[in-house]
Every structure is written in structure tokens, then in C-alpha cells.
Amino acid sequence: MEQFHATTIFAIHHYGKGAMAGDGQVTLGNSVVMKHTARKVRRLYGGKVLAGFAGSVADAFTLFEMFEGKLEEFNGNLQRAAVELAKLWRSDRILRKLEAMLIVMDKKEMLLISGTGEVIEPDDDILAIGSGGNYALAAGRALKQFAGESLSAKEIAKASLEIAANICVFTNGNIIVEEI
């Protein structure tokens, strides 16, 4: 049975602000667009943390709930919550089968969490995941490098997703941007 997949999340810290953008497309397998307006970026922990997912939709919602529980358990400590989620995700036989990735961020940190137990902090304050992730990442790096202070984190996040949507068939232009 084919799974529903959601793609393309982009996150950036730029001049003291953070933003995360996600497109709205959910596909069934490789050929059918099932939804155009999905919301793949969420505010967690009283709005202090942003989280975005790419991959299997049902799996991602499970991970959102688990991550939010870890945030509560560790009093909003993003890194500790991410590491504990990754450890649980990797070690539990059932959870190990979840097919999704998360980007989580607060005002100071940004992390990618994967089911293989990886918790990765980027060197350049930019992360992107999903089918259009590499396109958005390249666009975001160029915009950040050459825009200076003329573009905000929110503007870079939105423009990066728009560029990815023009290239990747699994990414659409229904973009939601959250700023922190």
C-alpha cells in the first residue's frame, strides 16, 4: 500500500530571527497529489518552538506528539528533547519503522532529527528536508549569503520554498511561514 508523503521544509536563523517554511502538498506515492494545503509547520511548547516535517504524514504526527512530550519533560530544552526523541525513535522496534524527518528550532538552536538516531545542528543556520529540500537549501544559502540584512529570515524562507516549488514536482506554492 502506498503512503501519503509530505515534502519540503526549510528553516533559517538570520540576523537574530528564525523562520520555518513548509509547502502544502501531500502526495500518494509518486503520482497523485492528494492535498494542496497541508500544514507541515507547527508551533510547539507555547509557541516557543517551531517544528516541521517531511515524510509519511501519519508518522510525522506521531513524532510531533512525542517531541512535544519530550519538550515538556525537559522544560523546553530543545537539544535534550531532540536527543531523547532520537534515542527512543531508534531503539524502539515499532517507532524505528516511522518514515519521517523533523526540523525543530527555537530562537537559539535548530536541529534535524531522523529515525536513524541522528540529531544534526547545521553549520550555517540553515536546514531543509523533503523532496524539494536540496533546491530550497541551495536557494536559501544563496539568498542568505548575498542578501545581507536586506532580506529577513521570513522572506528568505518564503523565497527558498517558492524557488523549490518551481523546480520540484513534489513541492507546491501553498507556503506557510512561521517566524520565531
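Strand 7 (residues 49-56) is mostly covered: eight of its eight residues are buried. The model described here is predicted.

**Strands 6 to 10**

Strand 7 has a partner in strand 6 (residues 41-44). Four bridges hold this pair, in the antiparallel sense. R43 is bridged to L50 of strand 7. Four residues lie between the strands of this hairpin, where Y45 takes a positive phi near 50 degrees.

Strand 7 also pairs with strand 8 (residues 100-105). That pairing is antiparallel and counts six bridges. L50 appears here again, with M105 of strand 8 as its bridge partner. L50 is thus bridged to R43 and to M105.

Strand 8 goes on to pair with strand 9 through four bridges, again antiparallel. M105 is bridged to M110 in strand 9. The two strands form a hairpin, with four residues between them.

How are the two faces of strand 9 (residues 110-113) placed, covered or open? Both are covered. M110 and L112 are buried on one side, L111 and I113 on the other. In a regular strand the side chains alternate between the two faces of the sheet.

Strand 9 is joined to strand 10 by two bridges, and the two run antiparallel. I113 stands opposite V119 of strand 10. The hairpin has five residues between the strands, and G117 takes a positive phi near 90 degrees there.

The pairings of these strands are listed below.

| Strands | Sense | Bridges | Partner residues |
|---|---|---|---|
| strand 6 and strand 7 | antiparallel | four bridges | R43 and L50 |
| strand 7 and strand 8 | antiparallel | six bridges | L50 and M105 |
| strand 8 and strand 9 | antiparallel | four bridges | M105 and M110 |
| strand 9 and strand 10 | antiparallel | two bridges | I113 and V119 |

**The sheet 11-2-3-12**

Four strands form an open sheet in the order 11-2-3-12, with antiparallel pairing. Which strands stand at the edges? Strand 11 (126-129) and strand 12 (176-179) do. Each has a single partner strand, so one side of each is left without a neighbour in the sheet. Neighbouring strands are turned by 10 degrees against each other on average, direction ignored.

Strand 3 (residues 17-22) and strand 12 run antiparallel and are joined by four bridges. G22 has I176 of strand 12 as its bridge partner.

Helix 3 (residues 133-147) packs on this sheet. It touches strand 2 (9-14) and strand 11. The direction of helix 3 makes about 160 degrees with that of strand 11. Helix 4 (residues 153-167) packs on the sheet as well, and touches strand 2, strand 3 and strand 12. Its direction makes about 155 degrees with that of strand 2.

**The loop after helix 4**

F170 lies in the loop between helix 4 and strand 12. Its C-alpha atom is separated from that of A153 by 24 Å, and the two residues are 17 residues apart along the chain. Leaving aside residues up to four places away in sequence, F170 touches T7, D23, Q25, T27, G29, N30 and S131.

**Helix 1 and helix 2**

Two packed helices are described by the angle between their axes and the distance between the axes. For helix 1 (residues 57-73) and helix 2 (residues 78-91), the angle is about 130 degrees and the axes lie 8 Å apart. The two helices are therefore oblique to each other. Their crossing is right-handed.

Which residues make the contact? Helix 1 supplies L63, M66, F67, K70 and L71. Helix 2 supplies L78, A81, A82, E84, L85, L88 and W89. By class, this contact has 10 nonpolar, no polar and two charged residues.

The loop between helix 1 and helix 2 holds N75. Phi of N75 is near 50 degrees, a positive value in a residue other than glycine. Is N75 buried or exposed? At 64% relative accessibility, N75 counts as exposed.

**The loop before strand 11**

D125 is found in the loop between strand 10 (119-120) and strand 11. D125 is not a glycine, yet has a positive phi of about 60 degrees. With a relative accessible area of 34%, D125 is partly exposed.

Technical notes:
Residues numbered from 1 in each chain as written. Predicted model: local features only at pLDDT ≥ 70, side-chain atom pairs only at ≥ 80, totals over all residues. Heavy atoms only, no water. Axes fitted to C-alpha atoms, helices over the stretch in contact; angles between N-to-C directions. Parallel < 35°, antiparallel > 145°, perpendicular 65-115°, else oblique. Left-handed = near helix turned anticlockwise from the far one by under 90°. Contact = heavy atoms within 4.5 Å. Nonpolar A, V, L, I, M, F, W, Y, C, P; charged D, E, K, R; others polar. Pairing = 2+ DSSP bridges. Buried < 20%, exposed > 50% of the residue type's maximum accessible area, 1.4 Å probe, protein only.
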